[in-house]
Amino acid sequence: MAKRERDEVAEIVRDAGGQIVGRTRIQKVVYLLQLTGQLDEFDFNFEYRHYGPYSEALSGAIQAAEAFNLITEEERTAQWGGRYSIYNASKELGPAMDNDRAKFIKAAVAIDPIELELAATAAYLHAVENCPDPWKETQRRKPEKATDERLDKAKDTYQKLLSLKAPQPLPKMNSSKSEGKA
């Protein structure tokens, strides 16, 4: 039987240590996995949205994984009043893998969610929109999140992900530190 998108999503949650917190985080982790050629034969067709790269197909795969009891989604209210989700892998999936892909997933999941959003957005702008200065464009599109300090942290975490083994490396982008605003 062919592997399905829902199985891929469940395995990603499993390999993250059994849990991924946040809809935005799971979208960005899967986008970066796809960008590095680590999603078997799947293409989730990402497009740019307010929170960066987003895939409706991935959202559907997450819902299917939950419907087939491969993962559970628990919604909670954040301190600021918004809602977020916690995805947990089913115990039936077995233990997390111990391979380069799982190491990449764990590293990406450990990144601060806003820094991950900024890094994935810059990667998308570079890889898909051929933006000559994706960090600057990320800052332009996300001024409330992309402070100089956060951008510098996002660049650092992107460099760490870039150093991990993957079938295709993440695209190299100029990641010089911010020099303050003019």
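Helices (runs of H or I, at least four residues) and strands (runs of E, at least two) are taken from DSSP and numbered from the N terminus. With that in hand, welcome to a predicted model, shown here in a few views.

**View 1. The whole protein, with its seven helices and five strands.** Following the sequence, you meet these elements in the order α-β-α-β-β-α-β-β-α-α-α-α. The radius of gyration is 16 Å, close to the 16 Å that the globule rule gives for 182 residues, so the protein is as compact as a globular protein of that length. Its C-alpha atoms fill a box of roughly 55 × 40 × 25 Å along the principal axes. Take the contacts between residues at least 6 apart in sequence: 64% of them join residues at least 24 apart.

**View 2. The inside and the outside of the protein.** Of the 182 residues, 47% are buried. The protein exposes about 9,700 Å², and carbon and sulfur atoms supply 49% of that area. Charges are part of the picture too: there are 27 positive and 29 negative ones, and the mean positions of these two groups lie 3 Å apart.

**View 3. Helix α1, a mostly covered helix.** Nine of the 11 residues of α1 are buried. Charged and uncharged names both appear in the list, which runs R6, D7, E8, V9, A10, I12, V13, R14 and D15. What covers them? Among the covering elements are the helices α2, α3 (56-67) and α4, together with the strands β1, β4 (71-77) and β5 (83-89). Look just past the end of α1 and you will find G17, whose phi is positive, at about 105°.

**View 4. Helix α4 and its buried face.** Which residues of α4, spanning 100-109, are buried? They are R101, A102, F104, I105, A108 and V109. Seen down the helix axis, these buried residues fall within an arc of 160°, so they line one face of α4. Their packing partners are four helices and a strand: α1 (5-15), α2 (23-35), α5 (113-127) and α7 (148-162), plus β1 (19-21). Helix α1 from the previous view thus returns here as a neighbour of α4.

**View 5. N45, in the loop between α2 and β2.** This loop leads from helix α2 to strand β2, which covers residues 47-49. Although N45 is not a glycine, its phi is positive, at about 50°. Is N45 buried or exposed? Its relative accessibility is 58%, and N45 therefore counts as exposed, the cut-off for that label being over 50%.

**View 6. N130, in the loop between α5 and α6.** Helix α6, on the far side of this loop in sequence, takes in residues 134-141. N130 is a residue other than glycine with a positive phi, near 50°. At 60% relative accessibility, N130 counts as exposed. To place N130 relative to View 4, look back to V109, one of the buried residues of α4. N130 and V109 are 21 residues apart in sequence, and their C-alpha atoms are 26 Å apart in space.

Notes
Residues are numbered from 1 along each chain as its sequence is written. This is a predicted model: local features need pLDDT of at least 70, side-chain atom pairs count only at pLDDT 80 or more; totals for chains, interfaces and linings use all residues. Side-chain values use heavy atoms; hydrogens and water are left out. The radius of gyration is taken over C-alpha atoms; the globule rule is 2.2 Å times the number of residues to the power 0.38. Buried means under 20% relative accessible area, exposed over 50%, partly exposed in between (1.4 Å probe, protein chains only). Contact means heavy atoms within 4.5 Å. Accessible areas come from the Shrake-Rupley method with a 1.4 Å probe; for residues, only the protein chains shown count as cover. Lys and Arg count as positive and Asp and Glu as negative; His and the chain ends are not counted. The place of a charge is taken as NZ of Lys, CZ of Arg, CG of Asp or CD of Glu. The arc is that of the directions from the helix axis to the C-beta atoms.
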